[in-house]
Amino acid sequence: MHSSFKLNGISFPSEKELINFSETNNKSLYSFLTAWFDEKDYLVVHTSGSTGKPKPIKLQKAYMINSAMATGAFFDVKEHTKALLCLSIDYIAGKMMLVRALTLGWDIDVVAPVSNPLAQLTKEYDFSAMVPMQLQNSLQELDMVKKLIVGGGVVSNTILHKLRAIKTQVFATYGMTETITHIAVKRLNNFNQKPSFYQTLPDVKIGIDQRNCLVIQAPKVSDGLLVTNDIVQLVAETSFQWLGRFDNIINSGGVKLNPEKIEEKLARIIDRRFFVIGIPDEVLGEKLIVIVEGDSYDIKLDRVKSLSTYELPKAVYFIPNFIETATKKIQRKETLAIILEKNQK
């Protein structure tokens, strides 16, 4: 524990006093700190479950410290940084905010992981991390944070447009539990009009496999090569453009469709949360549909001239609320299952 570390404005002369304080204030924080300061050289964390059933993973504490140091250097958030933790401590993104604070000597405030964590706060912060839903609900108060990283999902074009008028430096992050959160970062606002690509952190090497999926070598945070299911386009040795998930590809009538690219086009006319997905079809094999969150309304898909004939969804479905993981990632297949079940009745 760094000598400058503070939790909710309080300094602690020893690890034991910090643990004792957390025991009466926050069960998740207490559980993390107890495990962090025990004799084991690893921490057991669980994946988010956005692409499958959550599974436990052992992460080396030394690697977690390396990740924290890399973030501190990249964003210039070192000793005495005022940070806000508004993510769940039960998952890697929340845990790593604490590891950064403990390692780098931050003054970190821990609040409940609600949809708009800034609404009831008056203090200004140097650094924080949110999921896209929290970002969307915090736009009015976002000036309270100087630098913000956003992970756990794609930031919509609607939000990107609104971020242009906000002085906060907002970054999208690329990473996963296996890489101990982000290994690459992309600026979302306050930059020139050239396209912004993901830039890797120091000591990270990237490549692609035969599927054009990203392959990561990050020896300071992960053992061996990590082959992902993320389709990317390499821009340079240290930068890439994320195109979508290989396991989301839809084969409709022999044509392979990339849902994320279609969603990028549809975002021009749909201002709610939505996604496109394939459903079984006797003729096409898979039929492209779009699922929108909220009450039904008339969406004129033919207004999007950039959509090809194959990319035009064949149907629109509405659902009151998407199925989400505990970290607020949309579970596409589980949400679709509710739609299909409802339409079979």
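In this predicted model, the buried residues of helix 2 are covered by several elements, including strand 1 (6-7) and strand 3 (42-46). Helix 1 (15-23), helix 3 (61-75) and helix 4 (92-104) also contribute to this cover. The residues concerned are Leu29, Phe32, Leu33 and Trp36, all buried within helix 2 (residues 27-36). They lie on the same side of helix 2, because their arc around the axis is only 95°. An α-helix has 3.6 residues a turn, so residues three or four places apart point the same way. A polar contact marks the start of helix 2. There, a side-chain oxygen of Asn26 comes to within 3.0 Å of the backbone nitrogen of Ser28.

The protein as a whole contains eight helices and 20 strands. Its radius of gyration is 21 Å, and the globule rule gives 20 Å for 345 residues, so the protein is as compact as a globular protein of that length. The C-alpha trace spans about 70 × 45 × 45 Å along the principal axes. Of the 345 residues, 47% are buried. Among contacts with a separation of 6 or more, 50% join residues 24 or more positions apart. The exposed area is about 17700 Å². Carbon and sulfur atoms supply 50% of that area.

Confidence was examined last. The mean pLDDT of the protein is 90, and 97% of the residues reach 70 or more. Among the elements, strand 5 (residues 82-85) has the highest mean pLDDT, at 97. The lowest, 86, belongs to helix 6 (residues 157-163). Where pLDDT is low, the predicted coordinates should not be read in detail.

How values were computed. Residues are numbered from 1 along each chain as its sequence is written. This is a predicted model: local features need pLDDT of at least 70, side-chain atom pairs count only at pLDDT 80 or more; totals for chains, interfaces and linings use all residues. Side-chain values use heavy atoms; hydrogens and water are left out. pLDDT is the predictor's confidence in each residue, from 0 to 100. Helices (H or I, at least four residues) and strands (E, at least two) are DSSP runs, numbered from the N terminus. Buried means under 20% relative accessible area, exposed over 50%, partly exposed in between (1.4 Å probe, protein chains only). The arc is that of the directions from the helix axis to the C-beta atoms. Contact means heavy atoms within 4.5 Å. A polar contact is a pair of N or O atoms within 3.5 Å; within protein, one must be able to donate a hydrogen and the other to accept it, and residues adjacent in sequence count only if both atoms are side-chain atoms. The radius of gyration is taken over C-alpha atoms; the globule rule is 2.2 Å times the number of residues to the power 0.38. Accessible areas come from the Shrake-Rupley method with a 1.4 Å probe; for residues, only the protein chains shown count as cover.
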